[in-house]
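Me: I would like to learn how to read a protein model feature by feature, with the general idea before each case. Could you take me through one?

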Amino acid sequence: MSSLPLPPSYSALKSASFNKLPAGVSLSSYSSTKQSETIPTGVIENVQLVSLCKQGKLRDAHEFLNVMDANGIVVDGRSYECLFETCRNMNALSFGRLVHLRLRKDAGGHDHTRSLSPSLRKCLIEMYLHCGCIEDARKVFDEMPEKDLPFWKKIISAYAQSGFLADALELFLEMHNKGIEPTSDIYLSLLGLLSTSSGLGLGQQIHSHLYRSGLLPNAYIESSLFHMYTRCGCLDNSVLIFERMKEKNVVHWTDLMVGFTQEQKYKEALALFQKIILQGADLDQFVFSIALKACSKSGNLDFGKQIHAYVAKLAMGSEVSVGTPLVDFYVKCGHLKEASLAFDRISNPNDVSWSSIITGFAQTGKFEESLKLFKNLRREGSNLNSFIYTSMFQACSGLADLSMGSHLHCDAIKRGLIARPHGESALVTMYSRCGCLDDAHQAFELIEEPDTVAWTAMIAGVAYHGHAYKALDLFDKMLSKGVRPNSITFVAIFTACSHAGLVTEAMRYFSSMGKDYNVQPSIDHYNCMLDIYCRAGQLEEAFEFVQGMEFEPVGLTWKILLSGCRAHGNVKLGKIAGDNLLKMSPEDTAGYVLYFNLYASAGRWEDAAYIRKLMNENSVRKELSCSWITIKGKVHRFIVGDRHHPLTVKIYAKLKELKESFANLKSTLPINDISNDFEERNEQLHDHSERVAISFGLISAPPSVPIAVFKNLRRLLVTMSLRSDIASFGISENLYLVYCQARPINVGAMTWYKSFERECSSYQKNNKGNFI
């Protein structure tokens with residue numbers, strides 16, 4: 001039997017692909033009647049377009065749209081909805097705008113939105129909002145002939161989430177004027193925008209609207225109102241709402257504690273914490289953080305220790321979110337031993353934990369410990385942050401460790417961890433304290449826009465090095481740049497005036513503080529001015545200044561006056577200052593020493609013996625003088641007569657050599673110290689810690705390297721850079737060291753710096769360039 005002839009379309013049918021047929025299409029669903037020929041034009045194409053969209057193939061969908069355009073096939077509403085949904089999910093704003101442009105063309109022009117279905121409008125607005133284009137969403141919204149409540153809610157909520165309070169309020173008022181009653185969600189969106197005291201009035205109006213709208217009481221709205229009042233600083237209203245709330249969670253308790261802490265109501269914050277514990281409310285780590293912050297701010301060490309005990313009871317001390325606030329609490333209370341123990345208990349300390357403990361040691365003067373911790377941090381490979389490097393710059397400043405400071409500076413640059421502006425300012429201070437004023441100036445010049453802190457650091461560095469007029473010129477330049485000074489800036493200015501004896505200029509700056517710069521003088525500024533009078537020898541004016549101060553004199557005030565009287569031999573005023581000082585600070589060693597030296601210098605030995613007797617009766621001992629110098633990254637400390645160093649023999653051989661060379665100069669130097677009448681005292685001066693450190697530096701450092709020595713004493717005041725009770729014999733001999741060794745020698749203390757190289761040139765100038 002011969003085979004039947006094949007239909008002419010067989011070959012085409014054989015090569016056809018049925019994989020692209022839409023899901024749900026079945027050949028059996030079509031009869032052999034004419035129904036198979038009645039499918040409307042464009043249905044299959046729109047189904048294919050939707051399929052491409054759901055697969056996320058936007059490029060293919062775009063090409064297919066062009067094909068549909070070329071063949072005059074209309075895109076239906078469902079396809080547009082699917083296109084906008086896909087653009088929303090894929091954040092494809094550019095393609096979404098192209099589709100919107102086509103929709104506008106198909107709908108017949110500018111007011112196309114009127115002819116769109118609500119579901120299509122919804123998809124279009126949601127696409128723009130999800131892609132962060134609120135302006136385009138607002139245009140679509142404004143073109144709508146009828147705006148249903150959900151559309152108002154979407155646009156207002158979008159403005160609120162983006163922080164556009166004015167736009168959200170404008171739309172809210174328009175909605176209200178049209179008689180559309182806002183839902184609770186709209187009110188919640190507006191309340192979430194109010195976070196400062198400036199928004200309090202508006203928040204109260206919204207609160208009133210809520211009452212009139214009958215939306216209260218409502219747990220969600222009450223919670224939002226509570227948070228709004230707390231953020232705006234209206235704690236009275238916060239407490240009222242808090243007490244009326246039937247359901248309170250840990251967020252409400254914590255938020256109220258944060259509000260009390262920000263308003264410096266630490267007692268109320270801690271009382272609230274106690275209530276949380278008593279009521280058995282759920283606790284999270286943030287609660288402990290806020291409670292410990294309140295303890296540290298209020299100095300309530302006992303309460304903080306009780307919180308620590310409760311943390312230990314809950315076995316939460318090893319968690320970094322609880323252990324780190326504990327470290328920070330003990331650091332700010334000055335209890336570094338407990339801070340170290342709390343730090344050691346943290347299982348996995350993060351960079352904030354390390355920063356807290358390192359900063360604590362650096363800010364309390366334990367610089368070597370902070371450097372040791374930093375090295376441990378580097379060894380463990382933990383994360384570093386800019387705050388840690390800023391603390392390290394401060395530690396290097398305290399140790400005058402230029403080598404380590406320079407190394408850390410390079411490392412911080414490489415890691416991009418120099419904090420702006422505090423880290424940059426710390427670098428300026430570090431280089432100036434290490435005696436490298438040129439490097440400090442270079443670090444300052446690299447700051448793009450120096451703020452008050454940076455300018456103050458540079459002015460202070462120049463002032464501490466004795467360059468008074470340069471410091472004042474910097475201050476004028478700072479003002480010309482529009483940067484306003486703060487209280488610390490004026491301390492630096494007074495330091496400069498003190499070095500140069502500029503009494504009149506200092507008084508002018510003092511008088512202009514409040515009038516021109518809105519910086520009210522504190523007791524520290526009054527003490528600075530007092531020191532300037534004393535250093536200039538104007539003791540009567542200094543005493544009158546003390547009597548006319550707006551503040552009650554403190555121990556430091558009388559100490560400064562006593563120091564001036566001791567330097568200039570005014571026993572009468574010195575007795576007044578000394579009696580007041582011992583009355584106010586009976587445990588201050590320096591006060592007794594100054595008072596004793598005042599009488600001893602005047603030859604009043606009975607009075608001097610009485611001061612010594614008082615010192616013994618009060619069990620007061622003179623603080624041990626200590627000097628240190630950093631050589632090749634290692635700190636070497638020396639005390640008076642120190643003979644424990646491995647190079648002791650060479651150090652004292654150098655001292656002996658210098659002493660013999662200096663012995664021939666005594667008759668030509670301006671020595672004016674009672675101690676020079678006693679050979680025993682002269683021998684003690686010979687073995688002074690400062691000189692031992694200088695001698696060690698001379699035999700250990702290369703000739704081209706400046707010598708920087710720091711001392712632990714001379715803490716009177718930042719402006720008292722070279723106290724009179726430093727023996728003038730010692731000062732002069734240090735000048736001679738410079739002259740003989742032909743290298744810079746810088747001696748500094750915790751609050752001052754002295755370059756003997758500059759002093760040497762000054763001495764030569766006053767003595768016609770000759771020592772002999």
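Reply: What follows is a set of questions and answers on this structure, which is a predicted model.

Me: Let me start with the overall make-up: how many helices and strands does the protein have, and what percentage of its residues is buried?

Reply: The protein has 40 helices and five strands, and buried residues make up 49% of its 772 residues. Another overall figure concerns contacts between residues with a sequence separation of 6 or more, of which 63% join residues 24 or more positions apart.

Me: Where does the UniProt record place the feature "repeat: PPR"?

Reply: An annotation of this kind is read from the record and may be inferred rather than shown by experiment. The unreviewed UniProt entry places "repeat: PPR" at residues 148-182, 350-384, 451-485 and 522-556. Among these spans, residues 148-182 are 74% helix and 0% strand, with end C-alpha atoms 11 Å apart, while residues 451-485 are likewise 74% helix and 0% strand, with their end C-alpha atoms 9 Å apart.

Me: How should I read the packing of two helices, and at what angle do H14 and H15 pack?

Reply: The general idea is to take the angle between the N-to-C directions of the two axes, and angles over 145 degrees count as roughly antiparallel. Helix H14 (residues 250-262) and helix H15 (residues 266-278) pack at an angle of about 160 degrees, with their axes 7 Å apart, and that makes H14 roughly antiparallel to H15. The crossing of H14 past H15 is left-handed. On the H14 side the contact is made by Trp253, Leu256, Met257, Phe260 and Thr261, and the residues of H15 that take part include Tyr266, Leu272, Phe273 and Ile276.

Me: What can be said of the loop between these two helices, and is Gln264 buried or exposed there?

Reply: Gln264 lies in the loop between H14 and H15, and at 60% relative accessibility Gln264 counts as exposed. The backbone is also worth checking, since phi of Gln264 is near 60 degrees, a positive value in a residue other than glycine. Asn518 can be read in a similar way: Asn518 is found in the loop between helix H29 (503-517) and H30, has phi near 55 degrees, and is exposed, with a relative accessible area of 64%.

Me: Which residues of H30 meet H31, and how are the two helices oriented?

Reply: The axes of helix H30 (residues 523-535) and helix H31 (residues 539-547) come within 8 Å and cross at roughly 160 degrees, and the two helices are therefore roughly antiparallel to each other. H30 passes H31 in a left-handed crossing, and Tyr526, Met529, Leu530, Tyr533 and Cys534 of H30 meet Leu539, Glu541, Ala542, Phe545 and Val546 of H31.

Me: How many residues does the largest nonpolar core have, and which of them have the most contacts inside it?

Reply: A nonpolar core is read as a set of buried residues of certain types, joined through side-chain atoms within 4.5 Å. The largest here has 204 residues, and those with the most contacts inside it are Phe84, Leu225, Ile307, Ile358, Leu408 and Phe494. Its largest share, nine residues, comes from helix H26 (residues 452-464). A second, separate core of 15 residues includes Phe638, Tyr652, Leu655 and Val709. As for Ile307, its contacts beyond four places in sequence are with Phe273, Phe288, Ala291, Leu292 and Cys295.

Me: Charged side chains deserve a separate look, so are Glu424 and Lys711 buried or exposed?

Reply: The cut-off to bear in mind is that buried means under 20% relative accessible area. Glu424, found in helix H24 (residues 422-433), counts as buried at 12% relative accessibility, and beyond four places in sequence Glu424 touches Ile418, Ala419 and Ile447. Lys711, in strand E3 (residues 707-711), is buried too, with a relative accessible area of 0%.

Me: Which peptide bond is cis, and what is its omega?

Reply: The peptide bond from Arg420 to Pro421 is cis, with omega near 5 degrees, and Pro421 sits in the loop between helix H23 (402-415) and H24.

Note on methods:
Residues numbered from 1 in each chain as written. Predicted model: local features only at pLDDT ≥ 70, side-chain atom pairs only at ≥ 80, totals over all residues. Heavy atoms only, no water. Helix = DSSP H or I, 4+ residues; strand = E, 2+ residues; numbered from the N terminus. Buried < 20%, exposed > 50% of the residue type's maximum accessible area, 1.4 Å probe, protein only. Contact = heavy atoms within 4.5 Å. Axes fitted to C-alpha atoms, helices over the stretch in contact; angles between N-to-C directions. Parallel < 35°, antiparallel > 145°, perpendicular 65-115°, else oblique. Left-handed = near helix turned anticlockwise from the far one by under 90°.
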